[in-house]
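Subject: Handing over the structure

Dear colleague,

I am passing on the structure we spoke about, together with some notes on what was found in it. Please look through the sequence and the model first, and then read on.

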Amino acid sequence: MLKGHGDDYLPNHLVKYNFSSNIYSECNNLDLLDYVKENLFKVNSYPSPDYEEYNVKLKNYFKSNKEFFITSGATEAFYLLAELYQNSKTLIFIPSFSEYEDSCKRYNHKIKYVSNTDYKSIDFGQFDLVFICNPNNPDGFTYDSYYLSEQFLIHKKSIFIIDEAYIEYSRDINLFNTDNLENVILVRSLTKRWSIPGLRLGYIIISREIKEKLQKLLMPWRISQPAISALEFLIDNNQLSSEICSNFFLEADNLKKEISQLDEFEVIYSETPYFLLKSLRLKSDFIKTILLEKFYILVRDASNFRGLDNRYIRICSNPKCNDKLIEGFKWISSNY
């Protein structure tokens with residue numbers, strides 16, 4: 001989906017308050033950005049063609065017996081894996097990130113879509129490949145990690161791709177221990193926690209066998225030198241698994257509470273700072289247009305997520321301007 005993701009292609013002067021992307025708005029990344037700037041001179045030379053030295057650094061950082069594999073954002077990982085397992089019978093839970101579907105369609109997967117709330121009723125053994133976003137985007141739904149861990153062991157012939165791009169955005173999620181599991185692939189993003197989506201940086205945790213197969217699909221020099229500099233900074237400063245300030249979650253809870261008191265909107269339960277709203281009378285594109293034109297607020301029209309309709313919008317708490325969003329919602333509730 002080239003269009004329809006979080007930040008729409010809008011002139012900057014139209015958006016003063018952006019709630020459309022799941023980005024940690026309170027992130028203090030100035031030291032990281034300063035390091036990237038200080039190392040910009042390195043763009044005069046080619047980086048390592050395969051980045052294996054950084055894969056080793058990640059492996060040592062996490063003291064893992066699994067292999068690591070740097071990617072140009074988490075999205076590249078999904079396309080590489082869809083290519084590696086092309087023609088598979090694939091399960092995708094909905095609603096969820098559209099690039100699972102788009103990448104699988106490109107490589108001729110036979111896709112079955114199931115609501116994420118029904119995941120405990122599924123026989124995973126029917127599928128070659130299973131995509132699971134935990135916590136899920138767009139609704140913040142979290143899966144029972146203990147239950148899934150049992151399924152990984154039971155269905156060893158199925159490959160499970162676990163998207164943990166928003167792992168820091170949940171207060172009550174249990175990390176999977178995949179050290180002894182060859183059929184589980186963890187995909188992580190470094191851009192959400194550190195508010196650097198433009199740098200395109202992520203990594204995969206996989207078995208050696210899968211890594212060797214993936215390496216055959218790669219072109220050299222895929223990752224930009226600024227992105228590599230950001231990775232160096234995060235490793236050297238022990239920041240790869242840094243927690244998000246609790247205030248970010250508290251402000252999100254307050255925002256959900258205030259919105260839930262308005263007659264027009266239903267808040268869909270979520271433990272994450274991003275969540276879905278369902279409008280009871282108005283269409284999502286209309287709400288988005290009114291907020292943008294009258295209040296310079298951008299929200300995510302979630303109607304193009306498979307499994308949702310034109311009553312849903314997604315927002316991510318932005319503590320410095322949540323009051324402005326409430327003002328906009330109250331105005332809509334009073335005037336329509």
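Please keep in mind throughout that this is a predicted model. I begin with the aromatic rings, where the count comes to 29 aromatic pairs. One of them is formed by F97 and Y100, which meet edge-to-face with 5.7 Å from centre to centre and 85° between the planes, and both F97 and Y100 are buried. Another is the pair of F152 and F160, which is tilted, with the ring centres 4.8 Å apart and an angle of 55° between the planes. F152 is counted as buried because its relative accessible area is 1%, and F160 is likewise buried, with a value of 0%. F152 and F160 also belong to one aromatic cluster, whose other members are F93, Y119, F124, F141, Y143 and Y147.

F152 appears again in the surroundings of L181, a residue in the loop between β6 and β7. If the neighbours within four places in sequence are left aside, L181 is in contact with K66, F152 and L153. L181 and L153 are 28 residues apart along the chain, while their C-alpha atoms are separated by 7.6 Å. With a relative accessible area of 10%, which is under the 20% cut-off, L181 is therefore classed as buried.

Turning to charged side chains, a search of the whole structure finds 15 salt bridges. One of these joins R222 and E76, with 2.8 Å between N and O, and it links distant parts of the chain, since R222 sits in the loop between α6 (208-215) and α7 (225-236) and E76 in helix α3 (residues 73-84), 146 residues apart. Both partners are buried, R222 having a relative accessible area of 11%. Which residues does R222 touch, not counting those up to four places away in sequence? They are Y51, F69, I70, T71, S72 and E76. R222 also lies 9.5 Å from S48, C-alpha to C-alpha, although 174 residues separate R222 and S48 in sequence.

A second salt bridge, between E101 and K105, has its closest N and O atoms 2.7 Å apart. Here both residues lie in helix α4 (residues 98-106), four residues apart, which is about one turn of the helix. E101 is buried, with a relative accessible area of 13%. In a third salt bridge the side chains of R171 and E271 meet at 3.2 Å, N to O, and this pair again links distant parts of the chain: R171 is in the loop between β6 (159-163) and β7 (184-189), E271 is in the loop between β9 (265-267) and β10 (274-279), and the two are 100 residues apart. R171 is partly exposed, with a relative accessible area of 39%. Finally for this topic, E52, K59, E67, R208 and K211 are linked in a network of salt bridges.

The next item is the packing of two helices. Helix α9 (residues 284-295) and helix α10 (residues 322-335) pack at an angle of about 115°, and their axes are 10 Å apart. The crossing of α9 past α10 is right-handed. On the side of α9 the contact involves I287, I290, L291, K294 and F295, and on the side of α10 it involves K324, E327, G328, F329, W331 and I332. Of the residues in this contact, seven are nonpolar, one is polar and three are charged.

Some points of backbone geometry remain. The peptide bond joining I94 and P95 is cis, with omega at about -5°, and P95 lies in the loop between β3 (89-94) and α4. The bond from N137 to P138 is also cis, with omega near 25°, and P138 is placed in the loop between β5 (129-133) and α5 (145-154). N238 has a positive phi of about 55° although it is not a glycine; N238 is in the loop between α7 and α8 (246-260) and is exposed, with a relative accessible area of 56%. Y296, which is not a glycine either, has a positive phi of about 60°. Y296 is found in the loop between α9 and β11 (297-298), and with a relative accessible area of 35% Y296 is partly exposed.

With best wishes

Notes
Residues are numbered from 1 along each chain as its sequence is written. This is a predicted model: local features need pLDDT of at least 70, side-chain atom pairs count only at pLDDT 80 or more; totals for chains, interfaces and linings use all residues. Side-chain values use heavy atoms; hydrogens and water are left out. Axes are lines fitted to C-alpha atoms, for helices over the stretch in contact, and angles run from 0 to 180 degrees between N-to-C directions. A crossing is left-handed if the near helix is turned anticlockwise from the far one by less than a right angle, and right-handed if clockwise. Contact means heavy atoms within 4.5 Å. Ala, Val, Leu, Ile, Met, Phe, Trp, Tyr, Cys and Pro count as nonpolar, Asp, Glu, Lys and Arg as charged, and the others, Gly among them, as polar. A salt bridge is a side-chain nitrogen of Lys or Arg within 4 Å of a carboxyl oxygen of Asp or Glu. Buried means under 20% relative accessible area, exposed over 50%, partly exposed in between (1.4 Å probe, protein chains only). Rings of Phe, Tyr and Trp (its six-membered ring) pair if their centres lie within 6.5 Å; planes under 30 degrees apart count as stacked, over 60 as edge-to-face and the rest as tilted.
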